[in-house]
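Reader: Before the terms applied to this model are accepted, the basis of each should be set out. Please show the structure and then take the questions in turn.

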Amino acid sequence: MQTERYNPQITEPNWQKVWTERDLFTTDNNDPREKYYVLEMFPYPSGRIHVGHVRNYAMGDVVARFKRAKGFNVLHPMGWDAFGMPAENAAMKNKVHPKGWTYDNIAAMRSQLKSMGLSLDWQREFATCDVAYYHQQQKLFLDFLKEGIAYRKKSKVNWDPVDQTVLANEQVIDGKGWRSGADVEQRELTQWFFKISDYSDDLLNGLEGLDRWPDKVRLMQKNWIGKSEGMSVRFAFEDTDHDPLEIFTTRQDTLFGASFMALSPDHPLTQQLAADNAGLAAFVAECRKHGTSVVAVETAEKQGFDTGLRVKHPLQDRTLPVYVANFVLMDYGTGAIFGCPAHDQRDLDFANKYKLSVTPVVLPTDADAADFSIATEAYTGPGKIFNSDFLDGMTIEDAKQTIAERLESTQLNGEPQGTRQINYRLRDWGISRQRYWGCPIPIIHCDDCGPLPVPEEQLPVELPDDIDFDTPGNPLDRHVTWKQTTCPNCSKSATRETDTMDTFVDSSWYFARFTAPKSDNPTEPKAADSWLPVNQYIGGVEHAILHLLYSRFFARAMSQCGHMSIDEPFEGLFTQGMVVHEAYHDGQERTWYSPIELRFEGEGADRKAFLIENGQEVTIGKIEKMSKSKRNTVDPDDIIKTYGADTARWFVLSDSPPERDVIWTDAGVEGAHRFVQRVWRLVQEVAALEDSKSPHDHALTAAAHKALHSIEADIEGLRFNRAVAQIYELTNAVSAQLSKNNNADSGAVRNAFEMLLHAMAPMMPHLAEECWTHLGHSDLIASRPWPKVDEALLSEDTIILPIQINGKRRAEISVSKEASKQEVEEAVLAMPAVQKALDGATPKKLIVVPGRIVNVVV
RNA sequence: GCGGGCGUGAUGGAAUGGUAGACAUACCGGACUUAAAAUCCGGAGGCCGUAGGCCGUGGGGGUUCAAGUCCCCCCGCCCGCACCA
């Protein structure tokens, strides 16, 4: 039979129009059905979507369409994470206004997303740079201020002394500014913070209830919060009148192995000492010649400066030298440590460098105290305490308790020598950014009254449009009039806060805003409470810590301010893998080429790439994350135009497990498209069948029910690749039946095929719709319920058991499902293969796992 | 440096501790065609081979009747590290 090829260029826009006209995906907050909120992380409007977006949004759309078919009232919204640095970089480079650039990008990406046929409620769309959105965010800030959640303190930034601007960590390359190349300096500024540390324990405990989150993400968050039980210990100085040095440790059991003290370069005492110690001042200045990031601190070579001061060991008659060391972080604990080189690698590296003593105090179980020593590798495992006076022989845990009791009961200057303390690694969230394209912090600074909130009736504080990027730095700060205002308290002239908020603030509550996107308040608490938590949140694993932790914090803070009453924003979380692609370059990684500019020859190691334009050979580089700068992105427009949205969706959903990275190949797309055409050919054949009432217990009917049952479970578990494999198998089964050309089966074939269409409708909605209509139906498959699976058809009467001999599969046996263990054993022992293996002997062991396997041990 | 993850045929991958390689892609052979494309049918982890074996899930060790899966060590790659989003 000759059929026309399926033409997605015609059918896809047509069905998108029908869905829009019938308002199929607009969600009513008052719909009485059970709710289901599915959300994909909203995109940054970079200009074009890439296949990574297609993957993310295709997954969410499958869930949304599936849940709709299962009878839920589904909320599936979309918006734009629209503030941030790229708009300012574009402004500087191309002389375009960040606002215009951003909204143009949004328009382009919106139209690309629409061409994918996503079942989104576009009525709820917003961008975080919409005044209406950041107006509400400013109200949230003021609420937080009132509640004591927002406050000001000093903290460090990366300062580019040439460009006179604050740099983001990614703009600091090897300690130098990315544009100027100047050595970056650390500079202290007074900035706004959110008190996320007040919620440390609650954020930690909340993880336990998140049973639909990946374990790895919960573990990462747990480690990030970093609760640790230890002690604060005070060390008295020798020969000086400085206050005792207070340190935090979790290893008080190793106190007898202490060989030095180390202060952070930012420690107040360091500052004090540096004032009249030129050498120390120079050392501190050197430490500040790199970026502020933890990576920069921890990967730098360990260096120290001996202050010449000494402290007294609290339990022994000896003193310890006090160093300033570049690897001690001021943000953690007290900014000072005692170093026990034998049992901490960083301390050991440091001690070896400065020739400090190394005394082991924990003896591994299998080691001998007489010859146990530490050279270049610290011992951090379990063992018994030794070389430690009254602690000798104890376990680490007992020693920790004993020493804690001792130090708590010892006095130093009228206070305990040490106290037990719980410490968190989690730091407060600094939200001030010295940039234009962000949400203005609604604060007015008055010389007399200090920083004051902008009165609510004066909100929003809008970003001025008339700004320039001719000079680096914050355009808000140098704007001639915007800054000037009057004090809401004393009415004298005052200035506006010119810092804007971290863009993570924008994305920490957008999920709540979607529940009432037009509200004059940040949320409508009733709507928020009825929709939240998001039932299924889907996004990249790169957001596993920061974005998700900040959102969890915001839910708590917003609840505290009465905007909602849920603590955990995301009930189910799925972290998808990235889409990666080969990157092609000139051999020096200076000029990069897009895959569409190239032609390829050969296979495997002989594979070569040439520029289509002039035949010049280019280097095939690493497979890496798609990025604009390396030009290895694949724009889905090309695929959608050539093969259609369904093919693009189908391809990104098939093959790879969704949590894993995928390498994009065009060959895969062609293969996926062949399946689209194959379904189209099948529907012609099915539609042409004469109607017959074939028996319902037909094998194909059972296969269809089984497939549907398992596809359902796979979609629920977001195992789209397995659902796709099931759909292939069912398609093969329908094809096989059709090719038998037996009209008596036509009812079963048609029934199975319609189930197949329902199963693939969430993934390839246009094709399913077209086929459904082709079969003569007048309704839409997008608004039909998921077919009901007949449980009775799911089980088999007989099962095939594999038979192992000594753990290797040697035969199989077909037995009744009801067969008893004894019957199976007898049947197995009677088998020729088993008889042969036994050779007259009795088996040493006979393991029968009912319904699974039999293992005969000879 | 620290924290988290991943590693299975030519390729993407499948496998509640229970038949390793489902399903798909690429490939090979056949049918159809003047030819090609498309389509349909068949083949296929490697090695030896008549039967039938042996080896095989990054490498090494271990637990178990049974290990891709659990434990220990190592190698490689990826993500995050608080101002990229």
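Author: The exchange below sets values against definitions.

Author: This is a predicted model, in which local features need pLDDT of at least 70, side-chain atom pairs count only at pLDDT 80 or more, and totals for chains, interfaces and linings use all residues. Residues are numbered from 1 along each chain as its sequence is written, chains are lettered from A and ligands numbered from 1 in the order in which they are written, and side-chain values use heavy atoms, with hydrogens and water left out.

Reader: What makes a residue count as near RNA strand B, and how many residues surround the strand?

Author: The criterion is a heavy atom of the residue within 4 Å of the strand. By that criterion 63 residues surround RNA strand B, and the closest are Asn-169, Arg-435, Arg-674, Arg-722 and Arg-809. Of the atoms of RNA strand B that come within 4 Å of the protein, 64% belong to sugar and phosphate. Helix α22 (residues 720–739) gives the largest share of this surface, 6 residues; helices (H or I, at least four residues) and strands (E, at least two) are DSSP runs, numbered from the N terminus.

Reader: How are the residues of the surface near RNA strand B divided by class?

Author: There are 24 nonpolar, 17 polar and 22 charged residues. Ala, Val, Leu, Ile, Met, Phe, Trp, Tyr, Cys and Pro count as nonpolar, Asp, Glu, Lys and Arg as charged, and the others, Gly among them, as polar.

Reader: Why is the approach of Arg-809 to RNA strand B called a polar contact?

Author: A polar contact is a pair of N or O atoms within 3.5 Å; within protein, one must be able to donate a hydrogen and the other to accept it, and residues adjacent in sequence count only if both atoms are side-chain atoms. An N or O atom in the side chain of Arg-809 is 2.5 Å from a base oxygen of RNA strand B, so the pair qualifies. With phosphate oxygens of the strand, the corresponding distances are 3.2 Å for the side chain of Lys-808 and 3.4 Å for that of Thr-503.

Reader: How do you know whether α21 and α23 are parallel or perpendicular?

Author: The axes of α21 (residues 699–716) and α23 (residues 746–760) come within 9 Å and cross at roughly 10°. Axes are lines fitted to C-alpha atoms, for helices over the stretch in contact, and angles run from 0 to 180 degrees between N-to-C directions. Angles under 35 degrees count as roughly parallel, over 145 as roughly antiparallel, 65 to 115 as roughly perpendicular and the rest as oblique. The two helices are therefore roughly parallel to each other.

Reader: Which residues of α21 and α23 meet?

Author: Contact means heavy atoms within 4.5 Å. Among those that meet are Leu-700, Ala-704 and Leu-708 in α21, and Val-749, Ala-752 and Met-755 in α23. By class, this contact has 9 nonpolar, 3 polar and no charged residues.

Reader: What makes β9 and β18 edge strands?

Author: Two strands pair if DSSP finds at least two bridges between them. The open sheet has the order β9-β8-β18, with antiparallel pairing, and β9 (245–249) and β18 (418–423) each pair on one side only. Strand β8 (residues 228–235) is joined to β18 by 6 bridges, so the pairing criterion is met. Glu-229 stands opposite Ile-422 in β18.

Reader: Where does Pro-460 lie, and what joins Leu-459 to Pro-460?

Author: Pro-460 lies in the loop between β22 (450–453) and α13 (475–478). A cis peptide bond, with omega about 0°, joins Leu-459 and Pro-460.
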